[in-house]
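Let's walk through this structure together, one step at a time. Please have the sequence and the 3D view open as you read.

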Amino acid sequence: MSESTQPLFGEAALSTSSVSLVLGSEAADQPAVAIAKLSPERRQPHVEALVLRAVSELTSAADVSADTPLMQAGVDSLAATELSSSLRAATQLALSPTLLFEHPTARAIVAHLLDQLEATPVAQQRPGFRAA
């Protein structure tokens, strides 16, 4: 990716419309709450779509799947920090700037986000919640 085509840091954050498109209108104000309210079967695909959308906004790689190592897909260290920042903004979860280095694929990031979402008070109040 050439320097002129890389998104600026301010452009890397997922827009409210992107989050709403994936999760619905409630997600615009409180995305973590909207995600946590979903049933486990529905939550995983929504979070995966959110992560893959964030990755596609940072790279020009069109063939990135949930199992593609993101560093091989063109996510460099700056983009990794931007990915963490945009996912933090989109989910309102506390995420490390080293998220990508700890979880190198979209699927691993999704699993990490889902683990954090399960710890939210909203998820624990959901019918059928089971503590691990």
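**A tour that starts with a salt bridge**

Glu48 and Arg107 form a salt bridge, with their closest N and O atoms 3.4 Å apart; the term stands for a side-chain nitrogen of Lys or Arg within 4 Å of a carboxyl oxygen of Asp or Glu. Glu48 belongs to helix 4 and Arg107 to helix 7, so this pair ties together parts that are 59 residues apart in sequence. Helices here are DSSP runs of H or I with at least four residues, strands are runs of E with at least two, and both are numbered from the N terminus.

Before going on, a word about the model. It is a predicted model, in which local features need pLDDT of at least 70 and side-chain atom pairs count only at pLDDT 80 or more, while totals for chains, interfaces and linings use all residues. Residues are numbered from 1 along each chain as its sequence is written, and side-chain values use heavy atoms, with hydrogens and water left out.

Back to our pair: are its two residues buried or exposed, or something in between? Glu48 counts as buried, at 17% relative accessibility, whereas Arg107 is partly exposed at 38%. Buried means under 20% relative accessible area, exposed means over 50%, and partly exposed is in between (1.4 Å probe, protein chains only).

Arg107 has another partner as well: its side chain meets that of Asp67 in a salt bridge of 2.7 Å, N to O. This pair also links distant parts of the chain, since Asp67 sits in the loop between helix 4 and helix 5, Arg107 sits in helix 7, and the two are 40 residues apart. Asp67 is partly exposed, with a relative accessible area of 48%. Through shared partners, salt bridges join Glu48, Asp67 and Arg107 into one network.

How many salt bridges does a search of the whole structure find? The number is three. Besides those already described, Arg43 forms a salt bridge with Glu118, and here the closest N and O atoms are 2.6 Å apart. Arg43 is in helix 4 and Glu118 in helix 7, 75 residues apart, so again the pair links distant parts of the chain. Arg43 is buried, with a relative accessible area of 3%, while Glu118 counts as partly exposed at 22%. As a general point, side chains of opposite charge can pair when their charged atoms come close.

Now step back to the chain itself. Its secondary structure comes to eight helices and zero strands. Of its 132 residues, 42% count as buried. The chain exposes about 7,000 Å², and carbon and sulfur atoms supply 54% of that area (Shrake-Rupley method with a 1.4 Å probe). Contacts, meaning heavy atoms within 4.5 Å, give another view: among those between residues at least 6 apart in sequence, 61% join residues at least 24 apart.

Helix 4 deserves a slower look. Its 19 residues, 40-58, should span 27 Å at 1.5 Å a residue, and its end C-alpha atoms are indeed 27 Å apart; the expected span is 1.5 Å times one less than the number of residues. Which residues of helix 4 are buried? They are Arg43, Val47, Glu48, Leu50, Val51, Ala54, Val55 and Leu58. Seen down the axis of helix 4, these buried residues fall within an arc of 160 degrees, so they line one face of the helix; the arc is that of the directions from the helix axis to the C-beta atoms. Ser56 also lies in helix 4, but counts as partly exposed at 39% relative accessibility.

Helix 7, which met helix 4 in the salt bridges between Glu48 and Arg107 and between Arg43 and Glu118, has 13 residues and reaches 18 Å from its first C-alpha to its last, close to the 18 Å expected. Its buried residues include Ile109, Val110 and Leu113.

Finally, come inside. The largest nonpolar core has 27 residues, and those with the most contacts inside it are Val47, Val51, Leu70, Leu83, Leu87 and Ile109. Such a core is a set of buried Ala, Val, Leu, Ile, Met, Phe, Trp, Tyr and Cys residues joined through side-chain atoms within 4.5 Å. Helix 3 (31-37), helix 4, helix 5 (77-91), helix 6 (99-102) and helix 7 (106-118) are the elements that give two or more residues to this core. Leaving aside residues up to four places away in sequence, Ile109 touches Val51, Leu70, Leu83, Leu87, Leu99, Leu100 and His103.
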